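Dear colleague,

I am handing over the structure below, and after it I have set out what was found. Please read the notes with the structure open beside them.

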Amino acid sequence: MKYLKYFLIGIFFGIVLVKSEVIYWFRIQEMFRFDSFHMYGVMATAIAVGASTVLLIRKFNLKSIDGSKINLTPKPFNKKGNILGGLIFGFGWALTGACPGPLYALIGSGFTVITISLISAVLGAFFYEMIKSRLPH
Amino acid sequence: MESILELIKSPWPWYIGGALIGLMVPLLLFFANKQFGISSTLSNICAACIPIKGKYQFDWKKGKWNMTIALGIVAGSYIAANFLRTDGFHIDISEDTIADLQLIGVHSSKELFAPTEIFSWESLFSFKGIIFIVLGGFLVGFGTRYAGGCTSGHAIMGLSLFNLGSLVAVIGFFVGGLIVTHLLLPYLIN
């Protein structure tokens, strides 16, 4: 039962990923070619909703529904890791036209060959875990 | 009721899609006290499937909530793709992008998620298939873990927190994508 809410939130996100068209390779191409506002509009609106939430939580000291203090600690900043990892992710994003959420959504949509991309992404994550102590961060 | 379903089935303007994606932030913060992010599921799946010994070992069970969301995404996208779109739906993609892609040899249509001459089981073992499907996926997995997050965790959650590190990562995502799109794509497709 504890996980039901996560499953429902996931279903919601899966529907929204398909309907907002962000899982389309062509949309990602359009974005990197500056030919359409669609992806920029989607990202900007999403960040506006997220940032408003964070501001309201901070201003009114809002709690989560179980009464606990909401954790708003940002991710640590590893200068080299964020830059180099970011670039490598960008290379992959332009090739597959999908970031991790859309990889799952494409498979669910019936675009089954993307299963191979997902397995490959898991292996990429595995490779990172194996060599991370030797990488600049 | 009928008309609500029709509304959901019709194409969504960017601000509706964007606002609902952004809603993941309050949903997870208020109902679960978790920060939105998807890419950590990749590390969790690898830890759950491949036993990693010694200092690389980490507890994937802490990521069960996130992997449950990933399962939900698969179910939700199945529902949306099969029941929540109008017949003959195609995305309203820019004519400039279509023309540019045709110049470098991408001809398949915007009714599909991706060009099938690159993304299909038949092309998987061709040069294109290995670069776009296999290597592309690998770089996504490696890059997000190295950067510490993906479009969800850095671009949406991180920027919502005004986190400088996330901004740097997002600029990295974008520069990487521009390099591949404008400098490499013409050679990789032909």
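By class, the lining of the largest cavity holds twelve nonpolar and three polar residues, with no charged residues. Please bear in mind throughout that this is a predicted model. The largest cavity encloses about 150 Å³ of space, and of the 15 residues that line it, those closest to its centre are A:Leu17, A:Val22, A:Met43, A:Cys99 and B:Thr151. Both chains take part in this lining, since at least two residues each are supplied by α1 and α3 of chain A and by α8 of chain B, and α8(B) gives the most, with three residues. In total, the count of cavities of 30 Å³ or more comes to three.

Turning to the open spaces, the largest pocket has about 600 Å³ of space. It is lined by 27 residues, of which A:Lys75, B:Ser40, B:Trp65, B:Asn66 and B:Arg145 are the closest to its centre. The elements that each supply at least two residues of this lining are α6 (114–131) of chain A and, from chain B, α4 (40–49), α5 (64–83) and α8 (151–160); the largest share, three residues, comes from α4(B). By class, the lining of the largest pocket has 14 polar, seven nonpolar and six charged residues.

The second largest pocket has a volume of about 200 Å³, and among its 13 lining residues the closest to the centre are A:Met31, A:Tyr40, A:Met43, B:Val170 and B:Phe174. Two or more residues each come from α3 (38–60) of chain A and from α8 and α9 (164–189) of chain B, with α3(A) giving the most, five residues. The lining of the second largest pocket divides into twelve nonpolar residues, one polar residue and no charged residues. A:Met43 is therefore worth finding on your screen, because lining residues are those with an atom within 4 Å of a point of the space, and A:Met43 is listed among the residues closest to the centre of the largest cavity as well as among those closest to the centre of the second largest pocket.

How many residues does each chain bring to the contact between chain A and chain B? Chain A brings 109 residues and chain B brings 128 residues. The area buried between the two chains is about 10600 Å², and carbon and sulfur atoms give 76% of that area. Within the area that chain A buries against chain B, A:Lys19, A:Phe26 and A:Tyr104 supply 8%, more than any other three residues. Between chain A and chain B the count of salt bridges is zero, whereas 31 residue pairs are in polar contact, counting pairs in which both residues have pLDDT 80 or more.

On the side of chain A that touches chain B, at least two residues each are supplied by α1 (4–19), α2 (25–32), α3, α4 (79–96), α5 (100–108) and α6. By class, this side of chain A divides into 68 nonpolar, 29 polar and twelve charged residues.

Finally, a word on chain A by itself: its secondary structure comes to six helices and zero strands, so that, with helices numbered from the N terminus, the pattern along the sequence reads α-α-α-α-α-α. The C-alpha atoms of chain A fill a box of roughly 45 × 40 × 40 Å, taken along the principal axes.

With best wishes

How values were computed:
Residues numbered from 1 in each chain as written. Chains lettered and ligands numbered in written order. Predicted model: local features only at pLDDT ≥ 70, side-chain atom pairs only at ≥ 80, totals over all residues. Heavy atoms only, no water. 1 Å grid on protein atoms, 1.4 Å probe; cavity = no way out; pocket = protein on both sides within 12 Å on 5 of 7 lines; lining within 4 Å. Points joined across faces, edges and corners; volume = space filled by probe spheres on them. Helix = DSSP H or I, 4+ residues; strand = E, 2+ residues; numbered from the N terminus. Nonpolar A, V, L, I, M, F, W, Y, C, P; charged D, E, K, R; others polar. Contact = heavy atoms within 4.5 Å. Buried area = accessible area lost by both parts, 1.4 Å probe. Salt bridge = Lys/Arg side-chain N within 4 Å of Asp/Glu carboxyl O. Polar contact = N/O pair within 3.5 Å; in protein donor to acceptor, adjacent residues only side chain to side chain.
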